[in-house]
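Let's take a walk through this model, with an eye on backbone oddities, one helix and a few strands. Have the structure open as you read.

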Amino acid sequence: MPRVEGVALSPDGESAILTVATLSADETTYERALWRVPTSGDGDPVRLTRSAKGEAGASVLSNGDVLFTSARPGAGEDDTAQVWLLPAGGGEARPVTALAGGAGGVTAVAADAEVAVIAAGLLPQAADIDEDAKLRAERTKRKVNAIWHDSYPIRHWDHDLGPDHTHLFDLDLGAWAPEAASAHAPAPSDGDGDGSNEATEASARPYPSHLPRPGDLTPNPRRWTDTPGVAVSPDGTTVVATLPVAEGRSQRVDLVRIDRSTGEHTTLRSDSRVVYGAPVFSLDGEYLAYVRQPKSDPSGPTQLEMWVSRPDGTDARRVAEHWDRWASSLQFSHDGAALIATADDDGRGPIFRIDLTSNEVTKVTGDDASFTSVRVDRATGTMVALRANFLRPAHPVRIDLDGTVTELATPAPAPAANATMTDVDTTAEDGTRVRGWLLTPPDASADNPAPLLLWIHGGPLNSWNAWSWRWTPALAVERGYAVLLPDPALSTGYGLDFIARGWNSWGHKPFTDLMSITDAVEARPEVDESRTAAMGGSFGGYMANWVAGHTDRFDAVVTHASLWALDQFGPTTDHADYWQSIFTPEAMIEHSPHRSVKDISSPVLVIHGDKDYRVPIGEGLRLWAELAEHFVDDNGDMDHRFLYFPDENHWILKPQHAVVWYEAVFSFLSKHVLDETDDLPYA
């Protein structure tokens, strides 16, 4: 099924630009393209781009030109992604950058000026982009892949950090004449050629004079693990970014104002105990909004605060102090009178309007869905976004001011899953309401009860509230299972106190919450309480391990990318400073699943990728070794299984590996839950 992965909005509000991923002909990867659809709800999608390398990350300039990233031939190195521009009036896409290390993507554009800010890496020894090209050419020529570190961390999620550091660059496209420049540029490519050239020679060339030269806004930065939050003032003169500053092994994140004309940096907010993020300008440029969150420690979580100030940092005030939710996105309304936010909320992800005069928070959308990639029409205040729930993947919609939702045309139509979605809840042992979603086959009934699959979300600061292409419960429903998707303690969308119930004690309230809601669901007539399994990934994998060692109620347990020994995990994960700061040493020991290995009675399927840096492969290897130590028979066999992916990370992303993942899970469950013969193709 094709996937809609992102949406951008044209300046006139009349069309949306979708990024759509489609499975390749050989079914081993995804190919991406940009499509234009009317925001009226009528009309048909129109494909805008087509190349062998694909396109993604669309942003729209104030004149309607579309910026995107692509590794198509015609700019820079063959294997590096560069920024391209598709003219609003039509014509071929043109390269905008030719950086030797590639462009990381467009981070922000100005509302009223043809100015964009992009992220890209430079080697730390390079004074500018020309010297960076020479150093990279020498590194390639000598076949050097070593990375020299003098700071922490050195890895992030699924990739090594370095050898370059992330910089922010500005592109003044209003002063660029692409028509004249095209006479000096290579001929546009349709992407069908091999784009071959001598990589070393190309990298060593000076930066092409026919392209707009990126201006370095952050010379001599620290290495960044994430692209920083960036906002550009509507007139394009000012950039506000969240920039990290080293503090021992850890770092603080400052809110910094950058003057584009002089490059001068002015720190607006700085506090070693606080993290700042998500800056955004109002459309008139008079105000700046951002989020502020004090750092957590073992004593408890902290609130994610929303603040508004003048662009120079003055007149700062906190907004909606009473609102006990964490904003996942933030922007101003078209008239500047309110903030438009999204946040997890009671198993949904609505759009909220926060009045800046009264601080009143109003829920704009009220359906059982989650909204992402929200974009506000600057003229009317209507919005476009992607909407999803567990029955339908993300699809583009328009949201009117009164909350009316209109579906837009899409080149990636997806039928609703063949399942029934029910909101379920129960009362936990401490009197707290605990809820979740129950997905069941349409024919499940008292006469035909479905086996139960308890599926525990990752995070743990997360909520089961939307479709995921990686974790797709509808596939289990299609196999005949009732799938329980609960939000136990530590879940978002229920307030800070609900998160605090499981803080520094992962094995207590989260576990008892899961067992309480499982009890309640097993009492339903359409659920077969005699055939059950539990599974989860990441934190969900941690909980699956904990469940396996603390109850024998499940016929099988599946644990993916799971934490097993917390004392080992803490210093080997990619960001040990964070994980070791939110646990006490005593809690690390008390809540480590490995201490209960001898009590495991359910067959366990262990799944892990070797490129997982968030939960390193050592967790899976130690889990497997200790299962073997206690449960292998005289013939060297055991009921437990290990599915290993040498080239996957925290998630399993290659399409056919995802097939193997699901087939392995269903094969394992079929054997132990349904008493059927297991059959695993491919692997």
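Helices (H or I, at least four residues) and strands (E, at least two) are DSSP runs, numbered from the N terminus. With that in hand, Pro 163 can be placed in the loop between strand S12 (159–160) and strand S13 (165–172). Keep in mind that this is a predicted model.

**Cis bonds and positive phi**

What kind of peptide bond joins Gly 162 and Pro 163? It's a cis one, with omega at about 10 degrees. There's another cis bond to look at, from Tyr 152 to Pro 153, where omega is near 5 degrees. Pro 153 belongs to the loop between helix H1 (129–141) and strand S11 (155–156).

Now for some positive phi values:

| Residue | Phi |
|---|---|
| Trp 157 | near 55 degrees |
| Ala 320 | near 50 degrees |
| Lys 143 | about 55 degrees |

Trp 157 sits in the loop between S11 and S12, while Ala 320 is in the loop between strand S22 (317–319) and strand S23 (327–332). Lys 143 comes just after H1. Is Ala 320 buried or exposed? Its relative accessibility is 3%, so Ala 320 counts as buried. Trp 157, with a relative accessible area of 26%, is partly exposed; the cut-off for buried is under 20%.

**Strand S13 and its partners**

S13 is mostly covered, with seven of its eight residues buried. Which way do S13 and strand S10 (residues 115–122) run? They are antiparallel, joined by eight bridges. To find your place in that pairing, look for Ile 118, which stands opposite Phe 169 in S13. S13 also pairs with strand S14 (residues 215–216), again antiparallel, through two bridges. Here Asp 170 faces Gly 215 in S14 as its opposite number. As a general reminder, side chains in a regular strand alternate between the two faces of the sheet.

**Helix H1**

Start with the length of H1. It has 13 residues, and at 1.5 Å a residue they should span 18 Å; the end C-alpha atoms are 18 Å apart, so the two agree.

Which residues of H1 are buried? They are Ile 129, Asp 132, Ala 133, Arg 136 and Ala 137. These cover an arc of only 135 degrees around the axis, which means they lie on the same side of H1. The general geometry is handy here: an α-helix has 3.6 residues a turn, so residues three or four places apart point the same way. Turn to the face of H1 away from its buried side and you'll meet the exposed residues Lys 134 and Lys 141.

At the N-terminal end, Asp 128 does the capping: one of its side-chain oxygens lies 3.1 Å from the backbone nitrogen of Asp 130.

**Thr 39 and its surroundings**

One last stop is Thr 39, in the loop between strand S3 (30–38) and strand S4 (46–47). Its relative accessibility is 8%, so Thr 39 counts as buried. What lies 2.7 Å from a polar atom of the Thr 39 side chain? That's the backbone oxygen of Gly 13. Leaving aside residues up to four places away in sequence, Thr 39 touches Leu 9, Gly 13, Glu 14, Ser 15, Ala 16, Val 384, Arg 398 and Leu 408. Gly 13 thus turns up twice around Thr 39, in the list of contacts and in the polar pair at 2.7 Å.

Technical notes: Residues are numbered from 1 along each chain as its sequence is written. This is a predicted model: local features need pLDDT of at least 70, side-chain atom pairs count only at pLDDT 80 or more; totals for chains, interfaces and linings use all residues. Side-chain values use heavy atoms; hydrogens and water are left out. Buried means under 20% relative accessible area, exposed over 50%, partly exposed in between (1.4 Å probe, protein chains only). Two strands pair if DSSP finds at least two bridges between them. A polar contact is a pair of N or O atoms within 3.5 Å; within protein, one must be able to donate a hydrogen and the other to accept it, and residues adjacent in sequence count only if both atoms are side-chain atoms. Contact means heavy atoms within 4.5 Å. The expected span of a helix is 1.5 Å times one less than its number of residues. The arc is that of the directions from the helix axis to the C-beta atoms.
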